[in-house]
Amino acid sequence: MPTKRTFGWIQNPGDLKKLKKVVSIFQSDSPTHKWLTTERLSLLMKYNLINPDDYKIFQAELSKFEIEISYSLLKGKGSGTSGRKNALCSGIIQAVIDAQSSRTYIDSSGVSVTMKKPYTDDWSADGYLRWAISCGLLEYDHSHDTCKISPLGQKLASSADESIEEYESLSTALLSYPPVIRILSLLKEKSEQTKFELGSQLGFIGELGFTSIPQEIFLYDYCNATPAEKKEIRSNFEGDSDKYARGIASWLIQMNWVTSYRKNISATYEGKNYSADLKVYSLTRAGEKALLKAHGKSSNPRLPRIVMFEMLASNKTPNAEFLRLQRAILLKTIANSWKTSEQIQKSLKEENLDLSVSAIVDHISGLIAIGLNISERQGKFKLLDKIIRLEIPQQTTYSSSSVNELKEIVRSKLQAVDHKYLILIDLAYSDASTTRKKSVAAREFEIQTAELLTKELNFAGLRLGDANRPDVIIYYGNNGTIIDNKSYKDGFTLDKHNADEMSRYINENRQRISGIPSNEWWKNFPEKVENFTFLFVSSFFKGRLADQLSYISKTQGNLKGAAINVENLLYLAEVLKTGELPYPNFFDLFHNQELTITL
C-alpha cells in the first residue's frame, strides 16, 4: 500500500534560496550537488555527525545518472529517544540546510571548530521537500514513494543565482501554487492586510486545519496581557490559516511581489478600542504583474495550477480522504463545462457520492478560497483554471465519519447561520494527540463559540478563557450567561470538579469582591445585567447531567443552568437569527436540563 504523504499546505519553510538548494540536489551538474557530495557530506563524516552507512548510501544515490530518491531517505528519520538536538543527520535534504544555532565540534584529532550546525532536522527537511513537490519543482511518484526533478526544477537548478532565469523559474513555480494566487488576489482587492485578515479568507474555512484567530480577539488578548504574556501571544496566538498566510507572504516578499511593514492596527471589541503595532502586507507593482501573468493576461498563457489530492483537506479534519475525494470529483465535473449545483449533484451521485446542494456550494467556496478560479454565471459553475497533478487514489476505500455525517445533517438545516461555524462540531469533537494540541483546540472552541454568539448573533459578550475565569460570557438586556466549553471527542461527563468550578464562577460574580479573583473577570458584565444563568457546551453529554446541573443550581441560590451539545447550539443559533426564538426568550430555556432545539 502506498505511503501517505502530506502535500499542498506549507507552514514552516520560507527561504527561496534553500528551496533552490533542495531542488539542485537532483541536478548532478549543479554547484549544490557538487558541494554536497565533495564537501558537506565529508564535513559531516569528519565531525561524526552522520552514520557511516548513511554516508555511503547518500553518496551512492547521488552518483546515479538519473537521480530518483526515496522520500524517506530525502527527509531522514525522526530523533527518536535521543531528542532532536542530538540526532545525527539521517536525510539528504537535512544535509543541505544549515540549522539556526551555532555549535562547537571536535574532530578525531582533537581540533575544534565553531560553526552553524551543518544540517537541519527531519521536520524542516520534510517541509522543504513538500514545498518543492507542491510547487512542481520536484515530481513525486505515489506508487514508489520517490522523488525526482521536474523540467521546471531543472531550469531552476541550472540558473545562476540572482539571474533572470532563476526569477522566471521561481515565478512559474510559485504562481502554479493556488494559495499564492489567493494571497496575491486578496491583497489586490485590499491593501495593508494582516496575517489574521488574510488567514480568515484562506483555505477550507469552517474545517479543522484552516482556523484563523479573529483580529479583534488577538488585539483584546494582547492589550490585556502582561509583558511576559505579550511575547507568548505574539509568537503563538495564530490559527493554521494565519500561519499559511504569513508563510506565503514571506515567499512573496522575497520575490518583491509583496512588501511588509509594521502599522498601528485598531479594532473594537465589546465596545472598547484596542490597538497594537502589527505587520501588514501590501501588493507591489511587480506583484500585480505576477498576478496578471498567472491569469494569462496580455501575451502570457494562463499558467496551470498544481492541485495535489492531499491539498483538498487537512489531515486534522475527520475523514480527510473522503472530503478530498468529493472535492476532486467536483473539480473534474466542472472542469470542462458550466454546471448547475443540481447537475453537479447528479454527477457526484454517479460516483456514489451523495452530497446536498448546500454542501456542494460550500465545497466550491472552499476551492475558491484555496486560490482556484471558479466562476459562477446564471446559477452555473465552471473551473477556469487548468488543473495538473491531481491524482485520485483508486485502491482506497472511502467512508464518511460520524463527525462529518453530523456536519452534513446540521449543514442542511442552517439557512441563516454562516456555515463557517460548522467548525464548532470539529472542535467540540477534537481528538488532539498531545496536551498542547488539546489546549489549542479548546481555545479555538471557546473563540468560535464566542464569535457565533456575539458576531453571528446579537448577544454582547466575549471569550475570557484561561485560568480562573469562565470560557465565555454573554448578555442581552439585563440577562447574562456564564459559559463553560468542554471539547471531548467521546462526550463529556459533568462531574463534581466541573460543577464546583462553575459554582465558584457564579459565586465570584454574585459577590463581586474587589481582587477576588485577581483578574476580576466579572467586571466584563455591565452593571445593568442582574439576572444570570449558566451553560455548558460540549460534543455530547454523558452521565447524570441533570443531577449535577441541579446541584450547582441549589448551591447557588437556585440560579438556573443548562447544557447544550454543539449540534443543538447551532440549531439554537438558527432559530435566534431567523427570529423564531426572540432573544429575551432564550434565557427562559434554562431549567437545569439539556437543551434540545427542533428544526
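## A small antiparallel sheet

Strands β10 and β11, the latter spanning residues 380-383, run antiparallel to each other and are held in register by four bridges. Across from K380 in β11 sits R377. Keep in mind that we're looking at a predicted model here.

Zoom out a little and a third strand comes in: the sheet is open, its order is β9-β11-β10, and the pairing is antiparallel. At the edges you'll find β9 (339-340) and β10 (374-377), each with a pairing partner on one side only. As a general reminder, strands of a sheet pair through backbone hydrogen bonds, in either a parallel or an antiparallel way.

## The chain as a whole

So much for one sheet; here's the rest of the fold. In total, the chain has 24 helices and 20 strands. Its radius of gyration is 27 Å, close to the 25 Å that the globule rule gives for 599 residues, so the chain is as compact as a globular protein of that length. If you box up the C-alpha atoms along the principal axes, you get roughly 80 × 65 × 50 Å.

What share of the 599 residues is buried? The figure is 55%. As for contacts with a separation of 6 or more, 68% of them link residues 24 or more positions apart.

## Surface and charge

The accessible surface adds up to about 26500 Å², and carbon and sulfur atoms own 48% of that. On the charge side, there are 76 positive and 71 negative side chains, with the centres of the two sets 3 Å apart.

## Backbone oddities in three loops

Two non-glycine residues with positive phi are worth a look. D145 has phi near 55° and is found in the loop between β4 (138-141) and β5 (146-149). N352 has phi near 65°, and its loop lies between α16 (341-349) and α17 (357-369).

Buried or exposed: how does D145 fare? With a relative accessible area of 9%, D145 falls under the 20% cut-off, so it counts as buried. N352 comes out at 74%, which is over 50%, so that residue counts as exposed.

There's also a cis peptide bond to check out. Which residues does it join? The pair is I516 and P517, with omega at about -10°. P517 belongs to the loop that connects α21 (496-511) and β17 (531-538).

Key: Residues numbered from 1 in each chain as written. Predicted model: local features only at pLDDT ≥ 70, side-chain atom pairs only at ≥ 80, totals over all residues. Heavy atoms only, no water. Rg over C-alpha atoms; globule rule 2.2 N^0.38 Å. Buried < 20%, exposed > 50% of the residue type's maximum accessible area, 1.4 Å probe, protein only. Contact = heavy atoms within 4.5 Å. Areas by Shrake-Rupley, 256 points an atom, 1.4 Å probe, with all protein chains shown as cover. Lys, Arg positive; Asp, Glu negative; His and termini not counted. Charge placed at Lys NZ, Arg CZ, Asp CG, Glu CD. Pairing = 2+ DSSP bridges.
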